[in-house]
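Please open the structure in your viewer and keep the selection panel at hand. The tour below proposes one selection after another and says what is found at each stop.

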Amino acid sequence: MWSFFSRDTSKDFPYEIVENVAGFEEKSIWSLKKGKRKGTDEQVSIFAFEIKNGTESKLELAKASLKRIKTLRHPSILQFLDSFENDKVIYVATEYVETLGFHLDKLDGNKKDLYLAWGIFQITRALSFLNNDGNMRHNNVSIWSVFVNSSGEWKLGGLEYVQSIDMNNQSNQVIIPVKIPPTLEIYDPPEKSDPSKVKNTTKWNCSTSSSTDMWGLGCLIWESFNGPLKMRNNLKDIENIPKTLAPLYCELVGANPSNRPNPADIITRCRKPNGFFKNELVDTLLFLEEIQIKDKAEKNRFFNALTQQLDNFPDNVCRYKILPQLINAYEYSGIGSIVLAPMFKLGRLLDEGEYQKKIVPCVVKLFSSTDRVTRSRLLQQLELFIHHLTPAVINDQIFPNVAHGFLDTNATIREQTVKAIIHLAPKLNYNNLNVEVLRHFARLQSRDDQGGIRTNTTVCLGKIAQHLHPQVRQRVLVSAFIRAMRDPFPPSRVAGILALAATQQYFLLSEVANRILPALCPLTADPEKSVRDPAFKTIRGFLGKLERVSEDPTLRESMEADVHTATPTIGNAAATWAGWAVSAVSAKFYRSQSDTRPRPPLTGKNLSKPASLEQPSSSSISTTTSSVTSMTSLEHESNDTSVSASDYGAENWDQENWGEMDTSQDPSSPMAGPSTLSANLNANSIVNEVRDGWDNDCDWGSLEEEPINEELEEKANNHDGNHASASRSNSNSQSHSSSGVCNNNTVNNISPIKNNGDGDINSSANSNWDNYGTAWNDDEFEPIEETGTGTSKFDEARRKREEKKIQRQRELEARRATRGPMKLGAKKL
């Protein structure tokens with residue numbers, strides 16, 4: 001029984017003291033301790049008062065302070081957690097904080113001014129709450145009564161001297177308490193020594209009732225920009241006070257208390273345009289506090305601008321204040337995917353444990369979303385958080401959802417899904433990478449209607465080659481890259497050539513001689529010079545490799561060392577003759593012209609026919625984009641798709657009949673109109689852009705039209721004049737017609753495309769493309785002749801087109817003879 005009364009009652013206090021904070025006891029009746037909750041690592045601050053070492057007056061102040069902190073609740077007042085009191089000690093546990101006097105030493109750089117404005121705003125708001133709403137005076141405002149928590153928020157503490165505004169003396173004068181310790185007397189207002197300045201004032205005079213605290217706020221402002229106040233006369237030095245704050249500061253430290261403004265008026269004045277409290281940080285944090293009452297348009301504008309502004313904010317504010325509110329806003333406010341960009345950017349400030357706890361669950365949940373806008377933003381920002389995701393999470397929870405993007409009817413989603421594999425590949429298991437991914441790549445490279453997506457599929461395959469299983473890699477790479485080199489889209493042919501060169505260490509020398517070189521040789525006669533150049537360069541490299549082995553057969557083993565290696569050394573390859581191609585494949589993806597041009601929103605009708613997503617004026621080049629220019633269209637699209645990848649496996653890269661390629665890419669298609677032919681004028685400049693982008697290891701720029709060859713232009717103009725005399729009278733129409741003739745050879749990389757004189761182009765180009773799709777296993781790479789359908793109707797149509805072409809050629813020659821020679825480079829007006 002006696003042991004019950006004699007036990008240490010402090011054990012009932014759920015917090016324990018870890019260490020003492022030196023220096024604070026000189027500025028307060030309390031000593032400050034760092035503590036933590038028992039059984040957890042939650043940090044707290046503990047204010048301790050030793051009763052045996054204090055006087056009776058100090059004990060009364062400590063008890064008054066405990067009473068006030070228990071009852072006052074405000075976002076800008078120190079948060080009370082628990083307390084303990086016996087005959088020896090008083091403990092007050094609060095949120096973890098440090099005094100502003102110690103915190104100011106850590107501030108530097110351009111972020112300091114924004115942060116100080118937010119801190120002073122919070123203390124002004126707390127004083128407005130006390131003076132105007134609580135009818136109380138604080139009487140102890142200084143840097144030693146202001147504390148800063150882990151999220152950078154300033155909290156008003158030091159409540160030992162709080163009084164009711166009604167507590168005046170018999171002469172109705174404001175009672176200013178005596179401070180303990182005496183070092184705090186430097187913050188007393190001048191009217192304490194001259195009571196006549198506050199005679200005849202009443203509690204109804206709001207300015208006078210808050211004048212003591214406004215003097216302390218002026219001292220706090222001075223100390224925020226200059227450090228701790230040593231002498232009262234130093235308040236006259238306003239050199240470091242911001243100009244936007246200087247007039248208000250002078251009013252706060254004025255000798256006449258009736259001229260000091262009310263804290264509510266200070267907030268109103270400083271929140272006006274160009275005011276001290278009107279800046280990006282204060283606006284952001286106040287918006288997040290009121291986000292529940294904001295409408296959707298306001299939220300969209302806010303989050304669109306937030307990502308760029310975060311670079312100007314202090315890290316602790318971003319990490320502990322803004323990020324938690326962003327997570328809560330996404331989960332409970334129905335904001336949508338627009339919050340993802342700033343959330344992932346701030347996620348980089350977290351350590352691994354916090355990231356796994358706060359961000360990863362959100363990421364997994366977001367990947368299961370069926371909203372196209374959300375999926376697109378996730379894929380775009382995958383590189384920001386992929387290194388935090390474990391292989392188990394990626395393979396089991398994320399990749400199955402990502403794989404749906406390969407079959408999406410929207411070209412933007414398909415393209416971004418392809419690019420995302422670059423980041424996912426190192427963490428994918430055997431089945432997901434070597435079976436599922438390659439099955440989807442086979443379908444996209446052969447049947448996707450977007451030339452840019454076919455190009456990027458080839459680029460991506462070259463980048464992830466190092467992660468593929470050696471046997472799968474040896475079976476797939478050559479066939480896939482040869483397939484790309486037969487694509488009618490010039491950048492796709494360039495990508496196939498560069499990918500072959502960049503992955504040259506994975507090919508057996510016998511494969512180089514029997515398959516690769518015979519496939520490269522036809523490209524030396526490609527209509528596009530920018531396709532021919534890398535073809536010659538790659539051929540010379542492979543031939544040099546074969547020559548060295550011929551001279552020294554012992555080199556074969558070292559040159560084929562990486563063929564069967566699971567983790568080859570890419571760095572060694574870069575030092576070889578193919579280093580230029582390695583840097584090219586390591587560059588960013590192909591970006592089409594539509595990246596820099598806005599596209600009209602897609603309609604439901606477009607969705608049923610993915611090929612119709614192409615706009616002839618730009619998408620005959622490619623309509624795939626790297627940005628979310630079509631994000632509004634994603635919101636209106638259907639999630640249904642009729643495409644299946646189940647028939648495309650890694651083992652089918654050689655055997656599969658790939659079927660017909662995009663007809664809108666080929667001018668021989670019935671869907672190709674005059675605008676498509678006009679767009680094809682850009683083919684030569686397109687490939688030049690692509691080539692330059694790869695060699696310079698930079699992003700793909702917008703594809704602008706360049707001047708065409710003068711000789712071709714002359715021929716086109718000659719034909720245009722003849723054609724116009726037969727069917728057109730408009731000069732603009734003539735230029736479109738000449739464009740179609742001038743660029744025939746740039747559409748197909750194997751044989752010239754014949755024109756029938758009416759703007760229709762021979763469909764043999766598309767026929768050649770289908771033949772290539774079934775010839776990946778052939779060892780003979782002879783020129784492929786045009787193959788007909790075998791019907792008499794086709795032969796008759798072909799004969800008529802030939803006759804019309806011959807007749808038109810004769811008419812051109814006759815017209816040229818009557819007109820005389822034309823100057824080089826001249827254009828017909």
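## First stop: a pair of helices

Helix 22 and helix 23 are roughly antiparallel to each other, a label that applies because their angle falls in the class over 145 degrees, whereas angles under 35 degrees count as roughly parallel, 65 to 115 as roughly perpendicular and the rest as oblique. To see the pair, select residues 509–520 for helix 22 and residues 529–551 for helix 23, which pack at an angle of about 155° with their axes 11 Å apart. Helices here are DSSP runs of H or I with at least four residues, strands are runs of E with at least two, and both are numbered from the N terminus. The axes are lines fitted to C-alpha atoms, for helices over the stretch in contact, and the angles run from 0 to 180 degrees between N-to-C directions.

Turn the view until one helix lies in front of the other, and helix 22 is seen to pass helix 23 in a left-handed crossing; that word is used if the near helix is turned anticlockwise from the far one by less than a right angle, and right-handed if clockwise. Now show side chains: Leu509, Val512, Ala513, Ile516, Leu517 and Leu520 of helix 22 meet residues of helix 23 that include Ala535, Ile539, Phe542, Leu546 and Val549, where contact means heavy atoms within 4.5 Å.

## Before going on

This is a predicted model, in which local features need pLDDT of at least 70 and side-chain atom pairs count only at pLDDT 80 or more, while totals for chains, interfaces and linings use all residues. Residues are numbered from 1 along each chain as its sequence is written, and side-chain values use heavy atoms, with hydrogens and water left out.

Zoom out to the whole protein, which has 35 helices and 10 strands. Of its 829 residues, 54% count as buried, meaning under 20% relative accessible area, with exposed set at over 50% and partly exposed in between (1.4 Å probe, protein chains only). Among contacts between residues at least 6 apart in sequence, 71% join residues at least 24 apart.

## Second stop: helix 17 and its partner

Select residues 411–424, the 14 residues of helix 17, which at 1.5 Å a residue should span 20 Å, and the end C-alpha atoms are indeed 20 Å apart; the expected span is 1.5 Å times one less than the number of residues. Of these 14 residues, 12 are buried, among them Arg414, Glu415 and Lys419. Add Asn410, which caps the N-terminal end of helix 17 with a side-chain oxygen 2.9 Å from the backbone nitrogen of Thr412.

Next add residues 451–463, which form helix 19; the axes of helix 17 and helix 19 come within 9 Å and cross at roughly 10°. Helix 17 and helix 19 are therefore roughly parallel to each other. Their contact involves residues including Ala411, Arg414, Val418 and Ile422 of helix 17 and Ile453, Thr457 and Cys460 of helix 19.

## Third stop: a covered helix

Select residues 340–347, helix 12, where 8 of 8 residues are buried, Lys345 among them. What covers these residues includes helix 10 (296–309), helix 11 (315–332), helix 13 (352–358), helix 14 (360–367) and helix 15 (372–380).

## Fourth stop: loops and backbone

Most residues other than glycine have a negative phi, and most peptide bonds are trans. Select Asn135, in the loop between helix 4 (111–133) and strand 7 (136–137), and note its positive phi, near 55°; at 45% relative accessibility, Asn135 counts as partly exposed. Asn139, in the loop between strand 7 and strand 8 (146–149), has a positive phi near 70°, but at 5% relative accessibility Asn139 counts as buried.

Asn140 is found in the loop between strand 7 and strand 8 and is buried as well, with a relative accessible area of 6%. Leaving aside residues up to four places away in sequence, Asn140 touches Ser145, Gly158, Glu160, Tyr161, Lys179 and Leu184.

Move on to Pro181, in the loop between strand 10 (163–164) and helix 5 (206–209), where a cis peptide bond with omega of about 5° joins Ile180 and Pro181.

## Last stop: Leu217

Finish at Leu217 in helix 6 (residues 211–226), a buried residue with a relative accessible area of 1%. Which residues does Leu217 touch, not counting residues up to four places away in sequence? They are Ile123, Thr124, Leu127, Val141, Leu252 and Ile266; the C-alpha atom of Val141, 76 residues away along the chain, is separated from that of Leu217 by 6.2 Å.

Notes. Polar contact = N/O pair within 3.5 Å; in protein donor to acceptor, adjacent residues only side chain to side chain.
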